[in-house]
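Visitor: Please choose one part of this model and take me through it closely. I would like to follow it outwards into the rest of the chain.

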Amino acid sequence: MKLIIAGPGESGQRLDKLAAKYLNKAPKSFLYKMLRKKNITLNGKKASGSEIVALGDEIRFWFSDETLEKFHQPDPIPLKKLPLPQIVYEDADILLMNKPAGLLSQKARDTDISINEQMIYYLRSSGQITDRQLEQFHPSVCNRLDRNTSGLITAGKTLAGEQFLSEAFRVRSIHKYYYCLVKGVIKEKKRISGYLVKDEASNTVTVSRQAAGHASYIETEYQPLESRKGMTLLKTRLITGRTHQIRAHLAMEGFPIAGDGKYGDPDLNRQLHSRLGLRYQLLHAGMLVMPQECGDFTRLSGKTFTAPLPPVFRKVLREYGFEEMGPAEGGMS
């Protein structure tokens with residue numbers, strides 16, 4: 001007999017899904033037969049498999065050692081050494097990291113390295129999660145940034161943490177603020193709207209002021225912090241969150257982001273690359289503000305998290321004579 005007491009990594013999942021992860025070599029027909037015959041029980045009682053497992057629940061597999069060995073054969077997960085992520089905040093359930101520009105949020109191919117893999121490596125190498133626990137629950141980032149955008153990435157270390165963050169992003173109760181340097185002088189705070197269409201083939205978007213076809217409605221708010229030499233440092237807030245929204249929306253308004261190879265000003269980008277070595281757009285997710293009502297996560301209610309601007313961003317600002325440098329340091333307030 002094998003007993004599993006549901007921890008944070010197991011709670012919140014359907015029993016049949018959890019059993020299938022543990023008995024990873026067993027066919028589904030076998031699993032449901034074992035549930036019907038009470039060879040898999042939940043808290044000592046017969047279960048259908050559709051039950052949602054809660055923290056502390058007892059799942060028992062009434063099998064012989066030979067049967068368990070036959071059907072429970074987890075594939076070994078090599079601990080490939082990776083760079084550790086820059087951690088801004090961490091507790092038992094969630095993790096906030098400062099992603100550098102040039103790094104993927106999540107890998108697109110098996111050979112890719114992303115901040116998600118770096119986060120898993122950190123949790124495994126620090127002993128916070130075991131290979132066995134990874135069989136039941138795989139921690140994951142809960143928001144994404146473009147490869148060449150830097151800043152705050154959140155992740156759930158437990159299923160509860162992941163569900164809390166994912167839901168907060170879904171209903172937009174988490175406010176996301178970005179810092180960007182744009183070409184042009186902006187003097188007033190403004191809230192702009194438009195319609196965005198994505199071209200999957202080229203991975204670019206087009207923004208217009210009028211609705212057309214399958215366009216998605218977007219809203220972006222920006223506030224000028226300082227202007228120097230024909231450039232403005234903006235603090236922007238995503239009201240909606242679409243692919244390349246800030247980059248394309250500001251470009252449509254006539255304020256392209258410095259260093260943006262898709263929507264920016266080519267002449268400006270060449271100058272910044274040759275003079276200052278700039279290779280990425282100066283767009284940084286520098287601030288997250290949690291909702292006031294966080295349910296079981298009241299410790300986070302209304303909290304603000306910040307990540308400082310990357311060194312190259314600050315270098316460009318100093319070159320143009322800016323005094324404003326965005327968040328001074330990373331952390332929670």
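Guide: What follows starts at one helix, α7, and works outwards to its surroundings and then to the whole chain.

A word on the ground rules. This is a predicted model, in which local features need pLDDT of at least 70 and side-chain atom pairs count only at pLDDT 80 or more, while totals for chains, interfaces and linings use all residues. Residues are numbered from 1 along each chain as its sequence is written, and side-chain values use heavy atoms, with hydrogens and water left out.

Now to the helix itself. Helices (H or I, at least four residues) and strands (E, at least two) are DSSP runs, numbered from the N terminus. Of the 8 residues of α7, 7 are buried, so the rest of the structure largely encloses this helix. Here buried means under 20% relative accessible area, exposed over 50%, and partly exposed in between (1.4 Å probe, protein chains only). The buried set consists of Q245, I246, R247, A248, H249, L250 and M252.

What surrounds them? The buried residues of α7 pack against six named strands: β9 (175-183), β10, β11 (204-208), β12 (216-228), β13 (231-238) and β14 (283-289).

One of the strand residues is worth a pause. L196 lies in β10, and its relative accessibility of 5% makes L196 buried. Beyond its neighbours within four places in sequence, L196 is in contact with V205, T206, V207, A215, S216, I218, R242, T243 and Q245; contact means heavy atoms within 4.5 Å. Q245, in that list, is also among the buried residues of α7. You can also measure across from L196 to H214: the two are 18 residues apart along the chain, and their C-alpha atoms are separated by 8.6 Å.

Just past the helix, E253 offers another link to β10. The side chains of E253 and K190 meet in a salt bridge, 3.9 Å from N to O. E253 lies in the loop between α7 (245-252) and α8 (266-276) and K190 in strand β10 (190-199), so this pair ties together parts that are 63 residues apart in sequence. A salt bridge is a side-chain nitrogen of Lys or Arg within 4 Å of a carboxyl oxygen of Asp or Glu. E253 is buried at 18% relative accessibility, whereas K190 is partly exposed at 42%.

G254 follows α7 with a positive phi, near 95°. For comparison, most residues other than glycine have a negative phi. K229 has a positive value without being glycine, with phi near 50°. K229 sits in the loop between β12 and β13, and K229 is exposed, with a relative accessible area of 65%. Another such residue is N43, whose phi is near 55°; N43 belongs to the loop between β2 (40-42) and β3 and is partly exposed at 39%.

Back among the charged side chains, R228 and E226 meet in a salt bridge of 2.8 Å, N to O. R228 is partly exposed at 32%, while E226 is buried at 13%. Elsewhere, salt bridges that share partners join D91, D93 and R299 into one network. A further bridge, at 2.9 Å from N to O, brings together E90 and K157. E90 belongs to strand β5 (87-90) and K157 to the loop between β8 (150-156) and α6 (159-170), so to speak distant parts of the chain, 67 residues apart. E90 is partly exposed at 27%, and K157 is buried at 12%. The count of salt bridges comes to 18.

Finally, step back to the whole chain. The secondary structure comes to 9 helices and 16 strands, and the C-alpha atoms fill a box of roughly 75 × 45 × 40 Å along the principal axes. Buried residues make up 51% of the 333 residues. Among contacts with a separation of 6 or more, 64% come from residues 24 or more positions apart.
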